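The following exchange examines how several structural terms are assigned. Each reply sets a computed value against its criterion.

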Amino acid sequence: MNLDFSVVAQYFPLLLDGLLVTVEVSAITLVLATVLGTFIAMARISHRQWLRVLAGIYVWIMRGTPVLLVLFFIYYAAPSFGLQLPAFAAAVIGMTLNSAAYKAEIIRSGIEAIPRTQTEAALAVNMTYVQTMHRIVLPQAVRIVIPPYINNAILLVKNSALVSVITVPDLMLNAQQIVSSTYRAVEILGTAGLLYLVVTSLLMLAQRYSERRFALPDR
Amino acid sequence: MTQQPATEAAPPLLHLSGLHKSFGTNEILRGIDLEVHAGETVAIIGPSGTGKSTLLRCVNWLEKPTAGEVTLDGVRLHAEMTGKEEQQAMRALRSRVGMVFQQYNLWPHFSVLRNVTEGQVRVLGTDPSEAKAKARELLARVRMEAFEDRYPSQLSGGQQQRVAIARTLAMGPRLVLFDEVTSALDPELVGEVLETMKQLADDGLTMLVVTHEMGFARRVADRVVFMDGGHIAEQGPAGVVFENPVNERTRAFFDHVRRSSWTV
């Protein structure tokens with residue numbers, strides 16, 4: 001096997017362009033999915049039955065269908081309903097819809113792990129439901145949620161490679177295209193893999209930092 | 001707080017009437033009528049599982065009664081209320097009544113000081129620096145002023161419970177409910193909490209106290225309520241109930257308590 005890494009140097013800017021798109025798709029999705037997921041989680045534990053049912057159906061559908069199908073659906077099937085989206089927007093929406101279902105379940109498990117007595121203490125000082133969630137329950141749930149949440153975020157970054165199939169020029173698509181024009185699969189895919197590792201490693205570092213940041217003091 | 005002598009004319013601060021509470025088919029409260037006057041300390045005693053804690057939790061609507069009504073300081077809630085009307089009345093009620101729990105239920109992610117300021121700042125809209133000053137004053141009152149930067153997990157049970165009392169007082173309640181607040185404590189820590197409560201009673205705070213501490217009920221309470229099977233079986237001045245219980249069940253309960261208490 002003869003390796004030629006000059007091709008990596010030559011195409012590195014293109015790979016970085018792709019990486020930037022991957023990071024953008026992942027970061028925007030992460031933020032939107034976290035917000036949407038939090039609301040879905042609260043709907044799942046609501047007193048109102050219709051909200052619980054609605055959120056349950058959402059999670060059932062989005063967790064039970066492939067992201068790839070959802071991406072295709074939004075990009076190729078939505079125009080049948082008169083909704084023509086740019087590839088990037090379709091990618092972010094598809095990834096968000098899928099990811100929010102997982103985030104919702106992670107956040108719900110965190111909320112439900114906080115003892116009911118914590119809420120009662122907040123109600124007893126006359127906090128509203130929103131204040132109780134915002135000040136008492138969610139800050140404590142964050143600590144529990146960090147490991148599965150980051151785990152899910154890492155999956156999200158890797159799954160974002162799927163947006164290449166709906167023509168979003170992410171790291172995966174760019175790498176693929178460089179390979180098909182240079183036939184340097186080992187060098188290019190190897191480099192792309194390393195770039196993915198850099199991003200996911202940063203997330204792992206973020207996990208370590210945030211676990212310390214939210215840790216309760218020792219006895 | 002100054003002691004308001006409970007005159008005949010003054011309406012009671014708290015009035016419970018016809019309170020019923022069922023969980024499914026299990027009827028816990030079977031018609032409770034009770035009045036508490038401003039400045040009074042009322043102890044609720046009785047066997048386990050007779051609805052003492054449930055009664056307390058109905059007073060601040062943590063449990064919604066199945067029937068009956070709660071009137072506190074002019075705010076009236078009844079079991080038939082729903083929706084916005086209930087929410088509004090409930091919040092008005094909770095602004096007047098505080099609660100101290102068996103397991104303290106301090107917020108573990110907040111420091112001692114923040115536990116006492118949070119409600120003031122978020123609920124009452126108190127200026128943070130003002131809230132801190134008041135919190136420090138109250139922490140001093142429960143002798144926890146040296147611990148304001150600690151976290152709940154770094155405190156003993158008795159210390160946590162005293163912080164919980166300060167947290168409750170910070171909201172300026174007209175009435176404070178104490179729900180078996182020493183039951184979870186190691187024996188050597190019970191005294192410091194009871195001492196704090198006695199101080200509050202002496203200062204004229206209106207207190208409704210569910211307790212298994214018979215010595216406390218007898219020495220500190222103005223009035224003792226004996227509950228059995230979801231009813232109030234007997235009530236009266238502490239001395240009378242303890243010395244000359246009229247009710248057969250009350251007598252049996254005291255006998256049982258005396259027989260089963262181990263002395264050193």
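Q: How many residues does each chain bring to the contact between chain A and chain B?
A: Chain B contributes 22 residues and chain A contributes 17 residues, where two residues are in contact if their C-beta atoms, placed from the backbone, lie within 7 Å. The model is predicted: local features need pLDDT of at least 70 and side-chain atom pairs count only at pLDDT 80 or more, while totals for chains, interfaces and linings use all residues. Residues are numbered from 1 along each chain as its sequence is written, and chains are lettered from A and ligands numbered from 1 in the order in which they are written.

Q: Which elements supply the side of chain B that touches chain A?
A: At least two residues each come from H2, strand S6 (97-100) and helix H3 (112-124) of chain B. The largest share, four residues, belongs to H3(B). Helices (H or I, at least four residues) and strands (E, at least two) are DSSP runs, numbered from the N terminus.

Q: What classes of residue make up that side of chain B?
A: Eight are nonpolar, nine polar and five charged. Ala, Val, Leu, Ile, Met, Phe, Trp, Tyr, Cys and Pro count as nonpolar, Asp, Glu, Lys and Arg as charged, and the others, Gly among them, as polar.

Q: What makes Val112(B) count as buried?
A: Val112(B), which is placed in helix H3 of chain B, has 27 C-beta neighbours inside 10 Å. A residue is buried if 20 or more other C-beta atoms lie within 10 Å of its own, exposed if 12 or fewer, and partly exposed in between. Val112(B) is therefore buried. Leaving aside neighbours within four places in sequence, its contacts are Leu139(B), Met144(B), Phe147(B), Glu148(B), Arg150(B) and Val163(B).

Q: Why are S2 and S5 of chain B described as standing at the edges of their sheet?
A: The open sheet has four strands in the order S2-S1-S4-S5 (chain B), paired antiparallel. Strand S2 (26-36) and strand S5 (75-78) of chain B each have a single partner strand, so one side of each lacks a neighbour in the sheet.

Q: How do you know that S1 and S2 of chain B are paired?
A: Two strands pair if DSSP finds at least two bridges between them. Eight bridges join strand S1 (residues 14-23) of chain B to S2(B), and the two run antiparallel. In one of these, Phe23(B) has Asn26(B) as its bridge partner.

Q: Why is H1(A) called oblique to H8(A)?
A: The axes of helix H1 (residues 6-44) and helix H8 (residues 185-213) of chain A come within 10 Å and cross at roughly 40°. Axes are lines fitted to C-alpha atoms, for helices over the stretch in contact, and angles run from 0 to 180 degrees between N-to-C directions. Angles under 35 degrees count as roughly parallel, over 145 as roughly antiparallel, 65 to 115 as roughly perpendicular and the rest as oblique. H1(A) is therefore oblique to H8(A). The residues of this contact divide into ten nonpolar, one polar and one charged.

Q: What makes H6(A) and H8(A) roughly antiparallel?
A: Helix H6 (residues 129-159) of chain A packs against H8(A) at about 170°, with the axes 10 Å apart. H6(A) and H8(A) are therefore roughly antiparallel to each other. Their contact has ten nonpolar, three polar and two charged residues.
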